[in-house]
Amino acid sequence: DTKTALALSVLSFLLHDMPSSPLYKALLEGGLGTAYCPGYGYDTAFRRAMFTIGVTNAGQDQTSLNEVEQTILKTLQDVVERGFDKTHIEAALHQIEVNAKKPNASFGFNLLMNILGFEVNGIDGLQQLQVSENIAFLREKEKEGRYFEKLVEKYLLNNPHRVRLEQTPDQKAIEQEEAREKERLQKETERLTDAERKAIAADYDGLRSLQEKHPDLSCLPKLRLTD
C-alpha cells in the first residue's frame, strides 16, 4: 500500500542518507566502499519493489565481499536492537515532506515516475499526492513505538527473498576492446580498393581543411551599443 511504500522510502533515507545514518557510518565511514551502489535504497520502478543496499569499489576478494555483507546484516540487527534516534526520524520525515512539496525543474517528471512506480505494483499512485496525510500517518505509527525498526526486521532481516549480487570489473576489458577494434580496422582496410582508399583520404583532407578554415564571422548577427 502507499503508506508502507512511503515508510520504506523514509526507512531508506534513515539508513543511508544522513551523516548519522547507520549504513553511512558502517559502510562508507568504515572504509568498506567509496560510495553506495547505483540504485541503492527503496525502488518501486519494477514489478516487484526492491530494497538495495551495497557499495562500490569494495575489495574484489571474497573476504572483503563477505565483510560487506556481514557488516550490512550486523548494522541492520543493531538498528532493530537499539532503535533509531527519534530526532533523526523526525528530521527524515520533515526532509521527505519538504522534498515532496518543493517544486523544481524536474518536479512534474519525478512526480509522474513515482506515480508509475506505484501503479506498476498495483497501488493507487495518486494516493501518494496526499503528502501531509501520509506523513501524519507515519508520525502516528512511530508514536506507537518502534515502527521503523519493525520494518527493518520484517522486510530486510526476516525476508527470505534476498539476492547477493557481485559485479567485478574485467581488468583487461580496455585492452581487449582495443585489440578487437584494431582487428576490425585491419579487416576493413584489407578489403578496400585503391579507389576507395583515395576517396577516404580525400574526404579526410576536405574535413581537415574545413576544420582549420577561419570562420566567417560577418554572417553572425550583431548587437551594438546604439541598439
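**Figure legends for a predicted model**

**View 1. The helices and strands of the chain.** In this predicted model, the chain has 9 helices and 4 strands. Followed along the sequence, these elements come in the pattern α-α-β-β-β-β-α-α-α-α-α-α-α. The radius of gyration of the chain is 27 Å, whereas the globule rule gives 17 Å for 227 residues, and because the value for the chain is well over that figure, the chain is more spread out than a compact globule. Taken along the principal axes, the box filled by the C-alpha atoms is roughly 80 × 65 × 35 Å.

**View 2. Surface, burial and contacts of the chain.** Of the 227 residues in the chain, 26% count as buried, and the area that the chain exposes is about 16,100 Å², with 54% of it supplied by carbon and sulfur atoms. Among contacts in the chain with a separation of 6 or more, 63% are made by residues 24 or more positions apart.

**View 3. Charged side chains.** The chain carries 29 positive and 36 negative side chains, and the centres of these two sets lie 2 Å apart.

**View 4. Asn134 and the residues around it.** Asn134 belongs to helix H6, which covers residues 131-143. Is Asn134 buried or exposed? Its relative accessibility is 2%, and because buried means under 20%, Asn134 counts as buried. When the neighbours within four places in sequence are left aside, Asn134 is in contact with Thr2, Lys3 and Leu6, and also with Gln127 and Gln128.

Conventions:
Residues numbered from 1 in each chain as written. Predicted model: local features only at pLDDT ≥ 70, side-chain atom pairs only at ≥ 80, totals over all residues. Heavy atoms only, no water. Helix = DSSP H or I, 4+ residues; strand = E, 2+ residues; numbered from the N terminus. Rg over C-alpha atoms; globule rule 2.2 N^0.38 Å. Buried < 20%, exposed > 50% of the residue type's maximum accessible area, 1.4 Å probe, protein only. Contact = heavy atoms within 4.5 Å. Areas by Shrake-Rupley, 256 points an atom, 1.4 Å probe, with all protein chains shown as cover. Lys, Arg positive; Asp, Glu negative; His and termini not counted. Charge placed at Lys NZ, Arg CZ, Asp CG, Glu CD.
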